[in-house]
Amino acid sequence: SRHRFRPSCTCCWDVASSARMAPRSPLAAPLLGASEGQLSGIGFTAAVLSLVKGCIGAGVMALPWATIQGGAASAPALILLGAWNGYTGWLLLDCDAPGSYSDLVRLALGRGGVVLLEGSLLVVLFGVCVSFQVQAATLLSSLPSLGRLASHDVYALITGAALLPLVLQRSFSGIAAISIAALAVLCLGLTAVGLWGLWAEGAPTLPPQLLEPPTAHGFADFLGVAAFSFGGQVFVLPVRDAMARPRLAATAVGVSTAAILAVYAAVGAGGASLFWRAGVKQLVLLNIEPGSPCASLVYSCSAAVALLSVPLVFVPLVGIASGLLPAPSEPRLSALAPSPQPQPMQPWRREAPLRALLLLLTSAAAAATRDFGLLTGILGCLANLSALLLPPLIHLRLRGRRPASAARPAAVRTALAATDALLLLAGFASCAGPALLIVQQLARRAGEEGPEGLPP
């Protein structure tokens, strides 16, 4: 059996399996999800909230640092990136094809396109798990009482050991509660950072860095982190199929994109304006003075929620990874059977070693890196493949197969095709260019450690 992911307005990830299900892609059903009975006919507000919650996550913690890196280009680039993501979401809806993102990719690009999509998402989801463990290890090692006991890499390995029983559990029925708790603690952490900044730094003022043009590496850092904070295209089609009025899906995409853009602009500009004098940290929570009671509470809670968020990402990560493996079988031992008969291995028994292996790899990767901002930046560049590169390619490939497309004037069809081609080139540049620059920085900083394990 294969995992299926379904959408919901109440939780981020849910998983269900069926022995009678025909083999299909792990992304053949929606990524946001709960049971089908809970989904039929969700309203417009629920759809918007599902799309918003699918994007807002750990990447927001690096936005103030990224805003400083982006300089004067931060505001226009963030607006452009938000509009770009909203438009590519509309492109997927305009293809007017039933099914999930993976089904649409298969229709337009064949099996090779599905492998490309799921391969990129596999790497991104793996990196998200690493980023959660890096965040937890960084916060724990920044606490004075714990920082004296062990280093960042030791805490990264400890987080892996602590996560083992969570990722090996048979049921993920508590995922909805975890996702809500994670979002609540994220909001509380950002609120605490803002209040601390107002008390310690005074009223926010415009950082002079935002009036200066950025360096190439600085702009790459900003673009990667901002892109990592968007990337909700995989949720668009599932949410559309779950809506009572699917015709409002495009409006829901537009409203959710505007809401996400407003949140990111407030967090990025607000954090940069508060802490630019003292230096904005890659993980903005670290701008709270480590020895204060406020820092101890916020660091501890945020580290705990970061760890509890890992199982949320492990659900689709394991689903995609197991889909790449051949389906094993094991002999059925029966005294009545003349010879062993092959039967499918139970899903949990098959996945338990895979889950343990993936956790070992994420823990090793978290111990090897401390650059939270650069890590989210490189993940953002990889996420652009599914968010910005594939949608215009799919739309271009299916332009002659849609009844709605044939009814449009020739000039409109030509303009859309030209826009698709331009966005395809721009999407490739947004994936490759910043990624190369960020990789150069990671290579240059290898072995370099700041006083907190993070470059200023």
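How many salt bridges does the count come to in this model? By the rule used here (a side-chain nitrogen of Lys or Arg within 4 Å of a carboxyl oxygen of Asp or Glu), the count comes to one. The legends below start with the whole chain and then move in.

**Figure 1. The whole chain, a predicted model of 16 helices and two strands.** This is a predicted model in which local features need pLDDT of at least 70 and side-chain atom pairs count only at pLDDT 80 or more, while totals for chains, interfaces and linings use all residues. Residues are numbered from 1 along each chain as its sequence is written, and side-chain values use heavy atoms, with hydrogens and water left out. Helices (H or I, at least four residues) and strands (E, at least two) are DSSP runs, numbered from the N terminus. Of the 456 residues in the protein chain, 52% are buried; buried means under 20% relative accessible area, exposed means over 50%, and partly exposed is in between, with a 1.4 Å probe and protein chains only. A contact here is heavy atoms within 4.5 Å. Take the contacts with a separation of 6 or more: 83% of them join residues 24 or more positions apart.

**Figure 2. Confidence along the chain.** The mean pLDDT (the predictor's confidence in each residue, from 0 to 100) is 79 for the protein chain, and 79% of the residues score at least 70. Among the elements, helix α11 (residues 249-275) has the highest mean, 94, and helix α1 (residues 36-39) the lowest, 40. Residues 1-39 stay under 50, and the model has 109 contacts beyond four places in sequence for them. Residues 450-456 are also below 50, with 13 contacts beyond near neighbours in sequence. Where pLDDT is low, the predicted coordinates should not be read in detail.

**Figure 3. Helix α2 and what covers it.** Helix α2 spans residues 44-53, and its buried residues are Ala-46, Ala-47, Val-48, Ser-50, Leu-51 and Val-52. The cover over these buried residues includes α10 (233-242) and α11.

**Figure 4. The salt bridge between Asp-241 and Arg-240.** The closest N and O atoms of this pair are 3.0 Å apart. Buried or exposed, where does Arg-240 fall? Arg-240 is buried, with a relative accessible area of 10%, whereas Asp-241 is partly exposed at 45%.

**Figure 5. The largest cavity.** A cavity is a set of points, on a 1 Å grid over the protein atoms alone, where a 1.4 Å probe fits but cannot get out; lining residues have an atom within 4 Å of a point. Grid points are joined across faces, edges and corners, and a volume is the space filled by probe spheres set on the points. Four cavities of 30 Å³ or more turn up by this rule, and the largest holds about 140 Å³ of space. It is lined by 14 residues, and Cys-55, Asn-85, Gly-232, Ser-256 and Thr-257 are the closest to its centre. Helices α4 (74-94), α10 and α11 each supply at least two lining residues, with α11 giving the largest share, four residues. By class, the lining has six nonpolar, eight polar and no charged residues. For that tally, Ala, Val, Leu, Ile, Met, Phe, Trp, Tyr, Cys and Pro count as nonpolar, Asp, Glu, Lys and Arg as charged, and the others, Gly among them, as polar.

**Figure 6. Thr-257 in helix α11.** Thr-257 is buried at 13% relative accessible area. Leaving aside neighbours within four places in sequence, Thr-257 is in contact with Gly-82 and Gly-86.

**Figure 7. Leu-285, in the loop between α11 and α12 (293-323).** Leu-285 sits in a loop, yet counts as buried at 0% relative accessibility. Beyond four places in sequence, Leu-285 is in contact with Met-61, Leu-139, Gly-189, Val-193, Val-298, Tyr-299 and Ser-302. Gly-189 is 96 residues away along the chain, and its C-alpha atom is 7.2 Å from that of Leu-285.

**Figure 8. Gln-441 in helix α16 (residues 410-445).** Gln-441 is buried, with a relative accessible area of 3%. Not counting residues up to four places away in sequence, Gln-441 touches His-217, Asp-221 and Leu-374. The C-alpha atoms of Gln-441 and Leu-374 are 8.1 Å apart, with their positions 67 residues apart along the chain.

**Figure 9. Asp-96, in the loop between α4 and α5 (101-142).** Asp-96 is not a glycine, but has a positive phi of about 55°. Most residues other than glycine have a negative phi. At 55% relative accessibility, Asp-96 counts as exposed.

Notes: On a 1 Å grid over the protein atoms alone, a cavity is a set of points where a 1.4 Å probe fits but cannot get out, and a pocket is an open set with protein on both sides within 12 Å along at least five of seven lines; lining residues have an atom within 4 Å of a point.
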